[in-house]
Amino acid sequence: MTDGYGSGLEVKFCQADAALTVRDGTEIEGYASLFGLRDQGGDVVQPGAYRASLKALAARERRVKMLWQHDPAQPIGVWDEVREDERGLWVKGRILTDVEKGREAAALIGAGAIDGLSIGYRTRRAEKDAQGQRLLHDLELWEVSLVTFPMLPEARVGAKGDAPLADPMQDLAEALEALRREMADR
């Protein structure tokens, strides 16, 4: 299934019990993805799905980006630690309050208005099970965003597709902009 934009970019939202913790107004941590839970798109992220991507990023000395609402033009901080554990994809980072959106994000999180994390990724390997669920085995993680989707208790797919990327950064920007517009229309 494609996302209509040919980008191959997908996003998942995670709002679990105490998924996001804030310290000192700028340090945050929580689960950006949980294993074994079926999302509204019928996908289930499998343990180990991020392993290769995280290893490749570390080998290139690169980090997963922290964005505001999946907008590639609005980085708001840095993820200092991104790792898999038995529960899912855990992240810990710092919101940069020297950035306008960073200040806004810190205030909104502190007030409880924002409590969600969402991932932007590309599926590298998946399979369908007998129930029609897509089991995600290998994901290329691009970014983890702070987002507002309080009505969704589980992960939510905003754009789907398995097509290869011709220009990954341009495709990412276009897909994220389309997702932002779609969410603004709701």
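## Briefing: fold, core and helix H1

From the N terminus on, the protein chain runs β-β-β-β-α-β-β-β-α-β-β-α, with three helices and nine strands (DSSP runs numbered from the N terminus; H or I of at least four residues for helices, E of at least two for strands). This is a predicted model, in which local features need pLDDT of at least 70 and side-chain atom pairs count only at pLDDT 80 or more, while totals for chains, interfaces and linings use all residues. Residues are numbered from 1 along each chain as its sequence is written, and side-chain values use heavy atoms, leaving out hydrogens and water.

**Whole chain**

- Of the 186 residues in the protein chain, 49% are buried (under 20% relative accessible area with a 1.4 Å probe, protein chains only; exposed is over 50%, partly exposed in between).
- Take the contacts (heavy atoms within 4.5 Å) between residues at least 6 apart in sequence: 70% of them join residues at least 24 apart.

**The largest nonpolar core**

- This core (buried Ala, Val, Leu, Ile, Met, Phe, Trp, Tyr and Cys joined through side-chain atoms within 4.5 Å) has 29 residues, and Tyr50, Trp79 and Leu146 touch the most other members.
- Elements giving two or more residues to the core are strands S3 (27-34), S5 (65-68), S6 (71-84), S7 (88-95), S8 (116-128) and S9 (134-147), along with helices H1 and H2 (100-111).
- S9 gives the most, with five residues.
- Leaving out residues up to four places away in sequence, Tyr50 touches Ser33, Phe35, Val45, Glu84, Leu89, Ile119, Leu139 and Leu141.

**Helix H1 and the loop before it**

- Ser53, Leu54 and Leu57 are buried in H1.
- Those buried residues line one face of the helix, because they fall within an arc of 95 degrees seen down its axis (using directions from the axis to the C-beta atoms).
- They pack against S6, S7, S8 and S9, whereas the face turned away carries the exposed residues Arg51, Lys55, Ala58 and Ala59.
- Just after H1, Glu61 has a positive phi of about 55 degrees.
- Gln46 sits in the loop between strand S4 (43-45) and H1 (51-59).
- Beyond its neighbours within four places in sequence, Gln46 is in contact with Phe35, Leu135, Leu136 and His137.

**A charge over a ring**

- Arg87 lies over the face of Tyr31, at 4.7 Å from the ring centre (the criterion is NZ of Lys or CZ of Arg within 6 Å of the centre and within 35 degrees of the ring normal).
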